[in-house]
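Here is a short briefing on aromatic contacts and the strands around them. Have a look at the model first, then read on.

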Amino acid sequence: MTDGRSTAVSFLPPDVDETGTSSLEALLGAPEVVAAVGPAPVNLAVFTVPPGSGTMPDSHGSQEMWLVQKGHGRIRCGGREYPAGPGGLFALPGGEEHELLTGDEEMTVVSLWWQS
C-alpha cells in the first residue's frame with residue numbers, strides 16, 4: 001500500500017573508482033520512496049566517465065540498460081562495439097561483459113538494472 005504522496009529521491013554519496021569513473025546510485029528502497037510508489041522493480045544510477053578513459057569491464061546476472069546523456073564514445077558488449085552519444089539507449093543482457101570507452105570528452109550515462 002502506498003500513501004500516494006510524492007517525494008524526492010536521494011542518492012548515495014558519490015563513488016569514484018580507479019578509472020576515474022564517478023557514480024551515484026539512487027536510494028529507490030528508501031522508506032519514503034516505497035511509501036510513495038511501492039517497491040521499485042529496478043535500480044538506478046548515474047555515472048560519469050572522464051575523457052580518454054573507460055569503465056572497468058563488467059559482467060553480472062542483472063539485465064541492464066544504459067541511456068547516454070552527454071558525450072561520445074563506444075560501448076562494448078558481448079563481443080560487439082557500438083558508437084554511443086546523447087540519446088543512445090543500449091540493452092545489456094545479464095551475463096555479457098560490457099564496458100564504456102570515452103573519446104575526447106566526458107560521458108554521462110543513466111543506468112537501470114534489474115533481475116529477471
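The notes below cover the aromatic pairs, their burial and the strand pairing.

This is a predicted model, where local features need pLDDT of at least 70, side-chain atom pairs count only at pLDDT 80 or more, and totals for chains, interfaces and linings use all residues. Residues are numbered from 1 along each chain as its sequence is written, and side-chain values use heavy atoms, with hydrogens and water left out.

**Aromatic pairs**
- The whole structure holds two aromatic pairs (rings of Phe, Tyr and Trp, the last by its six-membered ring, with centres within 6.5 Å; planes under 30 degrees apart are stacked, over 60 edge-to-face, the rest tilted).
- F47 and W66 meet edge-to-face, at 5.3 Å centre to centre and 70 degrees between the planes.
- This pair links distant parts of the chain, 19 residues apart: F47 lies in strand β3 (residues 43-49) and W66 in strand β4 (residues 63-70) (strands are DSSP runs of E, at least two residues, numbered from the N terminus).
- Y82 and F90 form a tilted pair, with 6.2 Å centre to centre and 50 degrees between the planes.

**Burial**
- F47 is buried at 8% relative accessible area (buried is under 20%, exposed over 50%, partly exposed in between, with a 1.4 Å probe and protein chains only).
- W66 is buried too, at 4%.
- Y82 is partly exposed at 34%, whereas F90 is buried at 12%.

**Strand pairing**
- β3 pairs with strand β2 (residues 22-25) in the antiparallel sense over four bridges (pairing takes at least two DSSP bridges), and S22 has T48 of β3 as its bridge partner.
- β3 also pairs with strand β9 (residues 107-114), antiparallel over seven bridges; there, V109 is the bridge partner of F47.
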